[in-house]
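Visitor: Can you walk me through this one? I'd like to start with terms, then go to the details.

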Amino acid sequence: MSMAPGPGILAAFEAAKGFMPVDEGLALYAAAAGAARLGLPLLEVGTYCGRSTILLADAARAAGVTALTVDHHRGSEEQQPGWDYHDPETVDAELGLMDTLPTFRRTLHRAGLEDHVVALVGRSPQIAALWNSPLSLVFVDGGHTDEHATADYEGWAPHVTDGGLLVIHDVFPDPVDELTGQAPYRVYVRALASGAFTEVSATGSLRVLRRTGAGI
Ligand SMILES: C[S@@+](CC[C@H](N)C(=O)[O-])C[C@H]1O[C@@H](n2cnc3c(N)ncnc32)[C@H](O)[C@@H]1O
């Protein structure tokens with residue numbers, strides 16, 4: 001299986017709303033393509049408008065598995081009106097609340113990947129509490145507060161199968177570099193300290209860890 005996205009996929013990724021740079025996207029794709037060989041679903045926390053979902057979906061398609069993506073679609077703290085990461089186009093004019101679900105659905109349709117993705121719409125801890133199946137990869141890119149990043153780790157990391165991957169975005173070891181807080185870095189440190197995960201690669205702020213032990 002190729003470790004590079006299929007034709008047109010990288011262009012669709014670059015055209016999609018979102019914040020992930022291309023080098024991190026390619027690293028995410030390579031991780032997803034490798035993990036999907038385990039024959040289990042891939043799961044993302046933090047869909048937003050589907051930029052990273054495109055890559056997980058294409059890797060899932062190539063391996064014949066499904067990509068799952070979790071989001072309440074109401075935006076993280078830093079994406080709300082008045083904050084640096086706010087995009088007025090993501091606001092539902094009738095409700096005056098953020099709603100990234102319509103943009104996500106258009107993004108996925110345009111990329112031709114709808115059949116390979118199941119969108120789980122709701123709060124990550126609420127969905128994780130109902131989840132009971134092994135996953136080949138968990139990609140954590142949801143809320144950046146300690147409350148949210150910790151809940152995502154505790155809710156989803158236990159479902160990563162042996163040899164599967166835990167991928168964490170926005171890991172900034174140096175507080176000078178971070179723009180949205182260091183909670184993802186603290187989760188990354190915790191995952192390594194647990195003894196359950198071993199680091200595989202680091203690209204920009206993306207960290208890929210492999211499950212090599214129990215006891216998260
Ligand atoms: C940084 S964005 C995800 C970016 C996306 N992965 C990409 O590459 O474009 C974070 C997303 O997490 C979602 N989110 C934050 N906290 C959440 C929670 N507790 N449950 C579900 N979704 C959450 C927000 O709605 C937002 O869309």
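Guide: Terms first. Buried means under 20% relative accessible area, exposed over 50%, and partly exposed in between, with a 1.4 Å probe and protein chains only. This is a predicted model, where local features need pLDDT of at least 70, side-chain atom pairs count only at pLDDT 80 or more, and totals for chains, interfaces and linings use all residues. Residues are numbered from 1 along each chain as its sequence is written, and side-chain values use heavy atoms, with hydrogens and water left out.

Visitor: OK. Thr107, buried or exposed?

Guide: Thr107 is buried, at a relative accessible area of 11%. It belongs to helix α4, residues 101-110. Helices here are DSSP runs of H or I with at least four residues, strands are runs of E with at least two, and both are numbered from the N terminus.

Visitor: What lies 2.8 Å from a polar atom of the Thr107 side chain?

Guide: The backbone oxygen of Thr103. A polar contact is a pair of N or O atoms within 3.5 Å; within protein, one must be able to donate a hydrogen and the other to accept it, and residues adjacent in sequence count only if both atoms are side-chain atoms.

Visitor: Switching to the ligand. Where does it sit?

Guide: In the largest pocket. On a 1 Å grid over the protein atoms alone, a pocket is an open set of points with protein on both sides within 12 Å along at least five of seven lines. To sit there, a molecule needs more than half of its atoms within 2 Å of the grid points.

Visitor: Which residues come nearest?

Guide: Gly46, Ser52, Asp71, Ser124 and Asp141, out of 19 around the ligand. Being near takes a heavy atom within 4 Å.

Visitor: Which backbone atoms lie close to ligand nitrogen, and how far off?

Guide: A backbone N or O atom of Gly46 is 2.7 Å from a ligand nitrogen. For Ser124, the value is 2.9 Å. A polar backbone atom of Gly143 is 3.4 Å from a ligand nitrogen. Taken alone, the ligand exposes 610 Å², and the protein buries 97% of that. Those areas use the Shrake-Rupley method with a 1.4 Å probe.

Visitor: Now helix α3. How many of its residues are buried?

Guide: 10 of 13, across residues 51-63, so α3 is largely enclosed by the rest of the structure. Ser52 is among the buried ones, as are Arg51 and Asp58. Gly64 follows α3, with a positive phi near 75°.

Visitor: And Ser136?

Guide: Ser136 is in strand β6, residues 135-140. It counts as buried, at 0% relative accessibility.

Technical notes
On a 1 Å grid over the protein atoms alone, a cavity is a set of points where a 1.4 Å probe fits but cannot get out, and a pocket is an open set with protein on both sides within 12 Å along at least five of seven lines; lining residues have an atom within 4 Å of a point.
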